[in-house]
Amino acid sequence: LACLAIYGLSWLGLPMFGLLSFPPRWELLLGAEFWRAFTPALLHFSLMHLVFNLFWWWYLGGMVERRLGHGKLLLLLLVAAVLPNLMQFWASGPRFGGLSGVVYALLAYVWLSGRLNPARGIGLPDGMAVFMVVWLVLGFAGVLGPVANLAHLGGGLIGLLQAWFDRGRRAY
């Protein structure tokens with residue numbers, strides 16, 4: 001809902017990017033603007049970008065929340081927004097946004113969790129994971145235009161690591 005509201009407000013002409021974007025300098029995150037390490041995940045620059053990310057959030061996030069609880073989903077959301085945003089800022093500066101890093105984290109988490117611990121009741125067909133890896137490669141190749149590639153990669157790595165850490169845990 002936050003992504004939809006922010007997109008709608010920016011479509012109406014309100015300057016949401018300046019308020020929610022990554023700050024122009026690292027030091028600002030250490031002070032009163034620490035929350036801006038997360039908020040670029042809420043920004044989307046086109047309707048297709050928003051719809052694509054929200055579809056995957058609904059599908060993958062719903063699967064995680066139903067089987068593993070809202071705490072696990074919140075953890076993945078926060079970590080997979082902040083750390084990939086830091087990586088993307090390091091690579092390209094402050095002009096980026098989107099939930100894609102979180103989507104890649106969820107995708108990697110759900111896919112690997114299904115392989116390591118099928119009893120948890122979450123998983124994805126290998127073909128879906130291959131599709132998203134191909135999408136990632138196309139982004140790095142420059143075929144998709146300006147894309148937050150390190151945010152995508154960072155999110156995917158976070159999802160894989162979290163699934164590996166959770167491999168022996170049961171669902172709630």
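## Exercises around helix α4

In this predicted model, α4 passes α7 in a right-handed crossing. Let's work outward from that.

**Exercise 1.** Work out how the axes of α4 and α7 sit relative to each other, and which residues meet there.

*Solution.*
- Start with the axes: those of α4 and helix α7 (residues 149-165) come within 8 Å.
- Next, the angle: the two axes cross at roughly 145°.
- Now the contacts. On the α4 side, the residues include L75, L76, V79, L83, M87 and Q88. On the α7 side you'll find, among them, N149, L150, A151, G154 and I158.

**Exercise 2.** Decide whether Q88 is buried or exposed, and find what it touches beyond its sequence neighbours.

*Solution.*
- Place it: Q88 lies in helix α4.
- Check the cover: Q88 has 5% relative accessibility, so it counts as buried, the cut-off for buried being under 20%.
- List the partners: skipping neighbours within four places in sequence, Q88 is in contact with G93, F96, A148, N149, L150 and A151.
- Add a distance: the C-alpha atoms of Q88 and L153 are 9.6 Å apart, with their positions 65 residues apart along the chain.

**Exercise 3.** Is L83 buried, partly exposed or exposed, and which surface patch does it help make?

*Solution.*
- Place it: L83 lies in helix α4, which spans residues 70-92.
- Classify it: L83 comes out at 42% relative accessibility, so it counts as partly exposed.
- Find the patch: L83 joins L74, L75, L78 and V79 in a nonpolar surface patch of about 390 Å².
- Tie it back: L83 is also one of the α4 residues that meet α7.

Notes:
Residues are numbered from 1 along each chain as its sequence is written. This is a predicted model: local features need pLDDT of at least 70, side-chain atom pairs count only at pLDDT 80 or more; totals for chains, interfaces and linings use all residues. Side-chain values use heavy atoms; hydrogens and water are left out. Helices (H or I, at least four residues) and strands (E, at least two) are DSSP runs, numbered from the N terminus. Buried means under 20% relative accessible area, exposed over 50%, partly exposed in between (1.4 Å probe, protein chains only). Axes are lines fitted to C-alpha atoms, for helices over the stretch in contact, and angles run from 0 to 180 degrees between N-to-C directions. A crossing is left-handed if the near helix is turned anticlockwise from the far one by less than a right angle, and right-handed if clockwise. Contact means heavy atoms within 4.5 Å.
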